[in-house]
2 protein chains.
Amino acid sequence: MSQAQHQSHYTQLRALQTEAVRDIVRAGDYSGHTTGLAAGRLQANVVILPEDHAVDFLRFCQRNAKACPLVGVSDRASPMMHTLGADIDIRTDVPSYRIYRNGVVEQEVTDISDLWRDDLVAFALGCSFTFERALMADGIRLHHIERNFTIPMYRTSVPTEPAGPFNGGVVVSMRPIARADVDRTREISARYPFAHGAPIHVGEPHAIGIASLDEPDWGDACAVGDDEVPVFWACGVTPQNAVLNAKPDICITHTPGCMLVTDIDENQEVPVYAGTGR
Amino acid sequence: MSQAQHQSHYTQLRALQTEAVRDIVRAGDYSGHTTGLAAGRLQANVVILPEDHAVDFLRFCQRNAKACPLVGVSDRASPMMHTLGADIDIRTDVPSYRIYRNGVVEQEVTDISDLWRDDLVAFALGCSFTFERALMADGIRLHHIERNFTIPMYRTSVPTEPAGPFNGGVVVSMRPIARADVDRTREISARYPFAHGAPIHVGEPHAIGIASLDEPDWGDACAVGDDEVPVFWACGVTPQNAVLNAKPDICITHTPGCMLVTDIDENQEVPVYAGTGR
């Protein structure tokens, strides 16, 4: 797909309801980023691992809850994320997947049905897109939404709290925020513990081991204006960094920026789908 | 220990710092409730299970995060809760334990060193004691602290979201709150997602399947005054109810009301001990 086609497709998707967005993704007709799509619904990072890594990965999420806020775990031998929506199939409903074998990215695909095995467990982790709507509703400007690009993400020198084979630095997402809006940004995002909560750093990138903002490890670079400050949030790509170290035989994640869109209202106190009757 | 001795002991403990409280508990010299002890530190419900139940129990915690807010998980083959404090040994540092075999309470003990096995995993879940200090700081009166008894806890008809063998109704704790203070109580407790967050019900006990407030399933009954309303929070005893159904060969929990006292500041955004250097 050309850049122009992609842009036009994205603009159409923004007008659609959650189920319609997911149908298009499921059909394999959209593999791009999901910022601003399915407004008001919780979006999630995805990590799929063999069951023998599940307890350690769950320990890792608990110990690094700002980077890895757990919002859903699949049942044994089931690809359906029934606590996140009425009909969410983790094999098809993420726009783009990355396949890691022994800690190395092997390929990017739009469907993992042929790789699914009954011993795989899918984990959904909250995503910073959730608080972006709250920020914008309060008049805080976000470049990447206004200009449709993927937020820049960086490896840092901030360590995670290890669990079993999972360890490595925290990955952050960065948004330039107007100096006058920083306190308000901190307060608003802190209200969303399932979406990384408050920033982990504001200002100087070197202080957290980022050499240059111009060279993100994932996503697109984004200039910081003279009246702006770079604000850094713990990011759900952190597990992808930890997987490089843990080297499980197989791990499948979303492609950074291309999230799972769920049926959960992003303002819900606890992310469990109401349609389950609970 | 007589009631008078217990009362006097409790009063002494209230004056002590966290480490001193834990030393007395570790020595087996206090087996009572921990309300109001180690002011400002996070207290936790405890569930210890064989590793083959760990993934399902972690799923259960994620799906029932208001009842089971996970704040710590032990490492494989280690009884030390190193992410909750400098020196917390889960075999000795809870005032009173309950041993369940195949879903049946067998006995209550003050030390489980002789029962520890390397395949056991200890889970710590946040506790409503955390927001009580915040409520009192705001002038909201709490009978059980003023008069030193264990809060009443009840089984309800509110279902949990099942995971593997774990299921059953949500257990709640109840505090009578002055009618004029209910909204403020809701707002304040909602700020503590790791301590059950906002109440799940206010008012009529029958609406959630409680036949009589005079007959709690755990803890002590507490009269509700004419100017008060019963306020119900999801409670960390919920897993003990689920264990009755799951029937693992062994499960060890705290005795309701007798919590693990951690080194975590109860206002910390994420419950990971700073002493780990992270």
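Two residues are taken to be in contact if their C-beta atoms, placed from the backbone, lie within 7 Å. The model on screen is a predicted one, and the tour below moves through it by selections.

**Stop 1: helix H3 of chain B**

Begin by selecting residues 54-63 of chain B, which make up helix H3, a mostly covered element in which 10 of its 10 residues are buried. Among the buried residues of H3(B) are Phe57(B), Leu58(B) and Phe60(B), and the list also includes Asp56(B), Arg59(B) and Arg63(B). What do the buried residues of H3(B) pack against? Within chain B, the partners are strand E1 (41-50), strand E2 (70-73), strand E5 (120-126) and H7, while from chain A the partners are H3 and E2.

**Stop 2: the side of chain A that touches chain B**

Now colour the two chains separately and select the residues at which they meet: 22 residues of chain A are in contact with 22 residues of chain B. On the chain A side, the elements that give two or more residues are helix H3 (54-63) and strand E2 (70-73), and H3(A) gives the most, with six residues. If you colour this side by class, you will find 11 nonpolar, four polar and seven charged residues.

**Stop 3: the two domains of chain A**

Hide chain B and colour chain A by its division into domain 1, which comprises 3-127 + 245-266, and domain 2, which comprises 129-238. The centres of the two domains, taken over C-alpha atoms, are separated by 20 Å, and 30 residues of domain 1 are in contact with 30 residues of domain 2. Which elements of chain A give two or more residues to the domain 1 side? They are helix H1 (3-14), strand E1 (41-50), H3, strand E5 (120-126) and H7, with the largest share, five residues, coming from H3(A). By class, this side of domain 1 has 14 nonpolar, 11 polar and five charged residues.

**Stop 4: the four-stranded sheet of chain A**

Next, show the strands E6, E7, E8 and E9 of chain A, which form an open sheet in the order E6-E7-E9-E8 with antiparallel pairing. Strand E6 (153-159) and strand E8 (201-202) stand at the edges, each with a single partner strand, so one side of each is left without a neighbour in the sheet. Further in, strand E7 (residues 169-178) and strand E9 (residues 228-234) of chain A run antiparallel and are joined by seven bridges; to see one pair of facing residues, select Val172(A), which stands opposite Ala234(A) in E9(A).

Two helices can then be added to the view. Helix H6 (residues 182-190) of chain A packs on the sheet, where it touches E7, E8 and E9, and its direction makes about 15 degrees with that of E9(A). Helix H7 (residues 238-246) of chain A also packs on the sheet, touching E6, E7 and E9, with a direction that makes about 155 degrees with that of E7(A).

**Stop 5: Arg175(A)**

Stay with strand E7 of chain A and pick out Arg175(A), which has its place there. Is Arg175(A) buried or exposed? A residue counts as buried if 20 or more other C-beta atoms lie within 10 Å of its own, and Arg175(A), with 26 C-beta neighbours inside 10 Å, therefore counts as buried. Leaving aside neighbours within four places in sequence, Arg175(A) is in contact with Leu142(A), Ile151(A) and Val231(A). The first-named of these, Leu142(A), lies 33 residues away along the chain, yet its C-alpha atom and that of Arg175(A) are separated by 7.0 Å.

**Stop 6: the largest nonpolar core**

Bring chain B back and select the largest nonpolar core, which has 146 residues, those with the most contacts inside it being Ala124(A), Val172(A), Ala124(B) and Val172(B). Centre the view on Ala124(A), which touches, among residues over four places away in sequence, Ala44(A), Val46(A), Val71(A), Gly72(A), Met81(A), Leu84(A) and Leu260(A).

**Stop 7: strand E10 of chain B**

Finish at strand E10 (residues 251-254) of chain B, both faces of which are covered: Cys251(B) and Thr253(B) on one side, and Ile252(B) and His254(B) on the other, are all buried. E10(B) pairs with E1(B) in the antiparallel sense over two bridges, and here Thr253(B) is the bridge partner of Val47(B). Strand E3 (residues 97-101) of chain B also runs antiparallel to E10(B), joined to it by four bridges, with Cys251(B) as the bridge partner of Tyr100(B).

Notes
Residues are numbered from 1 along each chain as its sequence is written. Chains are lettered from A and ligands numbered from 1 in the order in which they are written. This is a predicted model: local features need pLDDT of at least 70, side-chain atom pairs count only at pLDDT 80 or more; totals for chains, interfaces and linings use all residues. Ala, Val, Leu, Ile, Met, Phe, Trp, Tyr, Cys and Pro count as nonpolar, Asp, Glu, Lys and Arg as charged, and the others, Gly among them, as polar. Two strands pair if DSSP finds at least two bridges between them. Axes are lines fitted to C-alpha atoms, for helices over the stretch in contact, and angles run from 0 to 180 degrees between N-to-C directions. Domain bounds come from an automatic or database domain assignment. A nonpolar core is a set of buried Ala, Val, Leu, Ile, Met, Phe, Trp, Tyr and Cys residues joined through C-beta atoms within 7 Å. A residue is buried if 20 or more other C-beta atoms lie within 10 Å of its own, exposed if 12 or fewer, and partly exposed in between; C-beta atoms are placed from the backbone.
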